[in-house]
Amino acid sequence: MDGVTLEETMVYTAAGEIRNGAHVFVGTGLPMLAAYLAKGTHAPDVTLLFESGIIDPRAAHLALGVGDFRLLNDASGVRGLHYVLSLLQRNVIDVGFLGAAEADAYGNINSTFVGGDYRHPKKRLPGSGGANDIASLAKATVIMCQHRPERLVERVQYITSPGFLGGGDEREKAGLTGGGPVMLITDMAVFRFDPVTKRAYASSIHAGVDPAEAAELCGFDVEITEKTPRTPEPDAATVALLRSLDPDGVYLRNARPKDN
């Protein structure tokens, strides 16, 4: 078997944040793989919910979007957007997974625009969708994004989905009932948030990653040194299961060379 890739380490780390019996709000891509990996290992009784209203599917093939009909396979129910978002308001969702065009040192996410200003952006992005609801109301959130200085910034240009706002108790003062982000996972490192300041710190860096490079490519000030712990890697059986979930390399593009 080929060596563990950085993408596989990301998925394995994210899966570890899912406990058995949890209700998890899932998007497509690496978060979906993390959810299915957890369900196939330590969390068989987890309930997976998608923004489209599909509940706990056992898709025969990987979906390319939250409304992909392939997610309907062996689903326990299809209830619609209003129902699954209402679960957030009812404090049912234990963890939600979020992507980010920009994520800052306090776990705030921008998926609205990049460059310029709101009315005249350099690039207009899709916006919130259900991400603001998840970020505001889920008991915990996990953010997954690339480790690039344009992605990891000191402060996002626009808060599409709130993390800890300006840090400290600002989230509570804003009336947000969810717990906020517990982890920011990149393809180089794992960040967690200080319980008092709410600012991100590097809890680990992935195997093979140079600490100096990881620090340089992070757009906010963070300490990453040779003393920073290494992120645990999945064992061979877990890697084999993960690759079986994505046999065509749809999301795990760097997992292994294609067969000839």
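Which residues form one aromatic cluster? Phe113, Tyr118 and Tyr158 do, and the close-ups below start there. Keep in mind that this is a predicted model.

**View 1. Tyr118 and Tyr158 form a stacked aromatic pair.** The two ring centres sit 5.4 Å apart, with 25° between the planes. Planes under 30 degrees apart count as stacked, so the pair gets that label. It's one of 5 aromatic pairs in the structure. The pair links distant parts of the chain, its members being 40 residues apart. Tyr118 comes from the loop between strand E8 (113–116) and strand E9 (121–124), while Tyr158 belongs to the loop between strand E11 (152–153) and helix H5 (170–173). Tyr118 has 41% relative accessibility, so it counts as partly exposed. Tyr158 is partly exposed too, at 32%.

**View 2. Phe191 and Phe220 meet edge-to-face.** Here the ring centres are 5.6 Å apart and the planes stand at 65°, which is why this pair is called edge-to-face. It also links distant parts of the chain: Phe191 is in strand E13 (residues 189–193), and Phe220 is in the loop between helix H6 (211–216) and helix H7 (236–245). In sequence, the two are 29 residues apart. Buried or exposed, these two, Phe191 and Phe220? Both are buried.

**View 3. Two arginines lie over tyrosine faces.** Arg79 lies over the face of Tyr83, 4.0 Å from the ring centre. Arg124 does likewise with Tyr118, at 4.9 Å from the ring centre. You've met Tyr118 already: it's the partner of Tyr158 in the stacked pair.

**View 4. Helix H1 packs against helix H2.** H1 covers residues 6–15 and H2 covers residues 30–40. Their axes are 8 Å apart, at an angle of about 55°. That angle makes H1 oblique to H2. As for handedness, H1 passes H2 in a right-handed crossing. On the H1 side, the contact is made by Met10, Val11, Tyr12, Ala14 and Ala15. H2 answers with Leu30, Leu33, Ala34, Leu37 and Ala38.

**View 5. Lys227 is an exposed loop residue.** Look for Lys227 in the loop between H6 and H7, the loop that also holds Phe220. Lys227 has 80% relative accessibility, so it counts as exposed. How far apart are Lys227 and Ser204 in space? C-alpha to C-alpha, they're 9.4 Å apart, with their positions 23 residues apart in sequence.

Terms used:
Residues numbered from 1 in each chain as written. Predicted model: local features only at pLDDT ≥ 70, side-chain atom pairs only at ≥ 80, totals over all residues. Heavy atoms only, no water. Phe/Tyr/Trp six-rings, centres within 6.5 Å; stacked < 30°, edge-to-face > 60°. Helix = DSSP H or I, 4+ residues; strand = E, 2+ residues; numbered from the N terminus. Buried < 20%, exposed > 50% of the residue type's maximum accessible area, 1.4 Å probe, protein only. Lys NZ or Arg CZ within 6 Å of the ring centre and 35° of its normal. Axes fitted to C-alpha atoms, helices over the stretch in contact; angles between N-to-C directions. Parallel < 35°, antiparallel > 145°, perpendicular 65-115°, else oblique. Left-handed = near helix turned anticlockwise from the far one by under 90°. Contact = heavy atoms within 4.5 Å.
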